[in-house]
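Biologist: Please take a close look at the aromatic pairs in this structure, and then at one packing of two helices.

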Amino acid sequence: DPDLHLQRCQQLSVTVLTDHQDLSNTDLKTITNSAAPQQYRIRAKLRTYKPQKLHQSVKLHCSKCNSLQEVPDRDDFDSILRGSAGAASNPELHNTSWYESVTWTTQDQKQREITIHFVKHDEMLQHPEDTLLMIEGGTLKEIWKLSKRFKCVIPVRSTEDDLELLDLSAPFLLQGNVKYYGCKQCSTPKPVKSLSSLAAEQQPSWEPPEIAQVLGIELLQYVFIMKFTLVDETGALNAYLFDY
C-alpha cells in the first residue's frame with residue numbers, strides 16, 4: 001500500500017537526538033539566531049541528506065592544508081599505470097645493497113617488461129607478509145595480486161639516478177586492499193632510496209605513516225562526510241557529519 005509506505009517513511013524521518021536529556025527541546029529558529037557554541041536538544045524531521053549514495057561520502061582529507069578531495073577512481077589509477085608502463089626500467093638501478101630486483105617480459109601481445117624490487121633486511125629477503133616491494137611497469141590487476149600477498153607495494157618508475165614515485169594522483173602505497181594517497185600541495189616527494197633508512201632498522205614495520213614521512217609525503221586520510229537538513233515548524237538547520 002503506497003499510503004502505508006509513505007506513512008512509514010515519514011515516521012522514519014523523525015529524528016530525536018537523545019543527548020542532553022536534562023535540556024528541553026529548542027526550536028531550530030532559536031538555534032540559528034543564537035551565537036555558537038551552545039548545547040541544545042532538538043526534535044526535528046530530516047528533510048534531505050547529501051550525498052545520496054553512501055560511497056560518495058568518503059573523501060580524502062589533508063590535516064596540514066585542511067583540503068578535501070574526491071577519492072580517485074580505478075580508471076585514474078589504471079591510466080597513470082599505463083602511462084608509465086612504456087618506460088623501460090634502468091638496469092643500473094637493479095640489485096642494490098638494500099633491494100633485490102627481478103625482471104621478466106609478459107606473454108601477452110604487448111610483451112611488457114615488469115621489474116619488481118624486493119626490499120631486503122640484513123641482506124636477506126623477508127617473508128612475503130613482511131615484505132615491501134616496488135614495481136615498475138605493472139598493471140592494476142598485477143599490482144592488486146601482489147598487494148594481497150606482500151605487505152606493501154609501491155608503484156615506481158626509473159630515472160637516470162633513482163627510482164621515483166608516480167604522479168600523486170595515483171596511490172603511492174598499497175597495503176592489502178587499502179590505497180594510500182599523498183597531498184599534492186603539501187608533499188615534497190623524495191627519491192625512493194630514502195626508504196633504505198627504514199630497511200636498515202632492526203625490525204622494519206613498513207607502516208604507511210612512516211613510509212610517507214621518509215618519502216616526503218603528506219599522508220591523506222580517509223574521512224566520512226555527510227550533510228543533513230533538519231526542519232521543524234520554525235525553520236531549517238544544516239548539520240554536518242565529519243569523522244575519520
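Modeller: The aromatic pairs come first, and the helix contact follows. This is a predicted model, in which local features need pLDDT of at least 70 and side-chain atom pairs count only at pLDDT 80 or more, while totals for chains, interfaces and linings use all residues. Residues are numbered from 1 along each chain as its sequence is written, and side-chain values use heavy atoms, with hydrogens and water left out.

The structure holds 3 aromatic pairs, where rings of Phe, Tyr and Trp (its six-membered ring) pair if their centres lie within 6.5 Å. One of them joins Trp 98 and Tyr 99, whose ring centres are 4.8 Å apart with planes at 80 degrees, so the pair is edge-to-face (planes over 60 degrees apart). Trp 98 and Tyr 99 are both buried, that is, under 20% relative accessible area with a 1.4 Å probe and protein chains only. Phe 242 and Tyr 244 also form an edge-to-face pair, with 5.9 Å from centre to centre and 80 degrees between the planes. Here Phe 242 is partly exposed at a relative accessible area of 40% (between 20% and 50%), and Tyr 244 counts as exposed at 53% (over 50%).

As for the helices, the axes of α3 (residues 74-85) and α4 (residues 140-149) come within 9 Å and cross at roughly 105 degrees, the axes being lines fitted to C-alpha atoms over the stretch in contact, with angles running from 0 to 180 degrees between N-to-C directions. Helices are DSSP runs (H or I) of at least four residues, numbered from the N terminus. α3 and α4 are therefore roughly perpendicular to each other (65 to 115 degrees). Arg 74, Phe 77, Asp 78 and Leu 81 of α3 make the contact with Leu 140, Ile 143 and Trp 144 of α4, contact meaning heavy atoms within 4.5 Å.

Methods: Rings of Phe, Tyr and Trp (its six-membered ring) pair if their centres lie within 6.5 Å; planes under 30 degrees apart count as stacked, over 60 as edge-to-face and the rest as tilted. Helices (H or I, at least four residues) and strands (E, at least two) are DSSP runs, numbered from the N terminus. Angles under 35 degrees count as roughly parallel, over 145 as roughly antiparallel, 65 to 115 as roughly perpendicular and the rest as oblique.
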